[in-house]
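The following exercises are to be worked with the sequence and the 3D structure at hand. Each task is followed by a solution in steps.

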Amino acid sequence: MRPAMKPLKPLDEALADLLAQAQPLPGTDTVTTFDADGRVLAQSCVSALQVPPQDNSSMDGYAVRCADVAAAGVVLPVSQRIPAGSAGDPLLPGTAARIFTGAPVPAGADAILMQEDCEALAAADGLGSVRINAVPQARQWIRSAGEDITRGAVVLPAGTRLTPAELGLAASIGLHQLQVARRPRVALFSTGDELVMPGEVPPEQMRPGAIYNSNRFFLRAMLLRLGCEVTDFGIVPDRRDATIDALRQASSAHDLILTSGGVSVGEEDHIKPAVETLGTLDLWQIAMKPGKPFAYGQIQREGGAAHFMGLPGNPVSSFLTFALLVRPFVLRLQGVQDVAPQAVAVRADFTWPKADKRREFLRVRLNAAGGLDLFSNQSSGVLTSAAWGDGVVDNPAGQTIAPGDTVQFIAFSELLG
């Protein structure tokens with residue numbers, strides 16, 4: 001009598017179990033702000049100054065006292081010229097100051113007139129005068145000191161994954177170096193005697209049953225985008241001794257071992273017994289489509305253990321289990337707390353008539369009308385669907401879709417970076 005099948009594990013439950021194991025890695029790196037794109041802050045950035053440091057002009061124009069411009073057409077002598085990077089003198093009553101974007105507002109001035117609202121009048125000597133053709137409102141076109149950042153504010157908290165905008169923000173408070181989480185060290189290998197590397201055998205000479213190893217390429221690229229240091233162990237033969245040897249070598253100097261293929265329970269699937277020989281393994285059947293087979297465990301080594309994650313071999317299954325399970329895990333290892341991809345409500349312009357018992361991730365593309373088109377073949381082996389699409393529809397179990405329905409769309413930009 002065959003043993004009863006375990007119930008499929010819900011995706012959210014599987015992710016919660018994984019994240020519970022993902023303690024931030026010890027150690028940090030100090031890098032220049034120039035080189036910190038994509039890294040994760042290990043220490044909060046606190047501002048030692050306010051930004052802007054003083055009131056400044058947000059326009060090219062003239063600084064005035066509102067009391068001196070009660071009506072349009074007033075002519076005021078220009079008493080000084082203030083470019084960005086210099087400080088002017090206090091503004092005398094009854095005068096205007098020529099001022100440029102970013103320049104400090106002189107003491108006494110309480111408004112800026114855009115140069116489009118003014119008419120410069122030439123003079124034989126000096127700075128001439130200006131006719132004001134609009135009545136200013138108090139504080140118009142003035143950026144207040146500290147309106148962006150106040151002194152002592154936490155500008156970027158620890159755990160922030162740095163993007164170009166954050167790098168500019170760190171630079172704006174004078175930080176030329178940042179303390180960041182160290183890069184996770186990841187060992188990557190594939191299993192399967194059917195796998196061949198592109199370039200080793202031309203297509204016309206491929207033996208029957210052989211396929212090119214596509215998983216190795218996109219998994220490595222996704223790991224690098226997450227800031228990992230990747231060691232590629234290549235293709236491991238479908239033998240238990242070879243699998244054990246590869247796992248033992250990989251565990252010695254890596255935080256995570258990631259494999260694709262061999263996580264089922266067939267006679268040629270050696271990952272499960274190999275990992276159990278060296279440590280512990282949980283083999284899950286996850287209630288998601290595509291991407292049901294998934295494994296998590298730990299490989300014991302001197303002084304601790306390396307995490308192990310095994311992905312299914314079908315390329316779309318491997319692609320999506322990485323995006324939805326491995327990516328959050330790797331980010332949490334670096335101290336990122338908010339690791340959930342953001343879904344948005346979008347109109348479906350397609351039909352999905354057959355509900356599945358598993359939660360489905362349908363490859364779709366945004367169309368010119370603002371809706372979503374469905375790739376025609378949703379098989380787990382059709383990697384074309386991921387290259388064609390902009391993202392996936394997160395479709396609950398048991399749910400059909402009709403044109404015009406609102407669905408939850410997760411862009412690949414949320415899953416790949």
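**Exercise 1.** In this predicted model, which residue is the bridge partner of Gln 80 in β6?

*Solution.* Begin with the two strands: β5 covers residues 74–82 and β6 covers residues 96–99. They run parallel and are joined by four bridges. Within β6, Gln 80 has Ala 97 as its bridge partner. Next, place the strands in their sheet, which is open, has six strands and follows the order β7-β4-β6-β5-β9-β8. Its pairing is mixed. The edges are formed by β7 (111–114) and β8 (118–121), each of which pairs on one side only.

**Exercise 2.** Determine whether Thr 243 is buried or exposed, and describe its surroundings.

*Solution.* First locate Thr 243 in helix α4, residues 240–251. Its relative accessible area is 2%. Buried means under 20%, and therefore Thr 243 counts as buried. Then examine its side chain: a polar atom there lies 2.8 Å from the backbone oxygen of Arg 239. Finally, leaving aside residues up to four places away in sequence, Thr 243 touches Val 236, Pro 237, His 270, Ile 271 and Ala 274.

**Exercise 3.** Identify the element that gives the most residues to the largest nonpolar core.

*Solution.* The largest nonpolar core has 47 residues, and Leu 258, Phe 294, Met 309 and Phe 322 have the most contacts inside it. Elements giving two or more residues include α3 (215–225), β17 (256–260) and α6 (315–333). Of the contributors, α6 gives the most, with 12 residues. Another core lies apart from this one; it has 18 residues, among them Leu 247 and Ile 271.

Definitions and conventions. Residues numbered from 1 in each chain as written. Predicted model: local features only at pLDDT ≥ 70, side-chain atom pairs only at ≥ 80, totals over all residues. Heavy atoms only, no water. Buried < 20%, exposed > 50% of the residue type's maximum accessible area, 1.4 Å probe, protein only. Polar contact = N/O pair within 3.5 Å; in protein donor to acceptor, adjacent residues only side chain to side chain. Contact = heavy atoms within 4.5 Å. Core = buried A, V, L, I, M, F, W, Y, C linked by side-chain atoms within 4.5 Å. Pairing = 2+ DSSP bridges.
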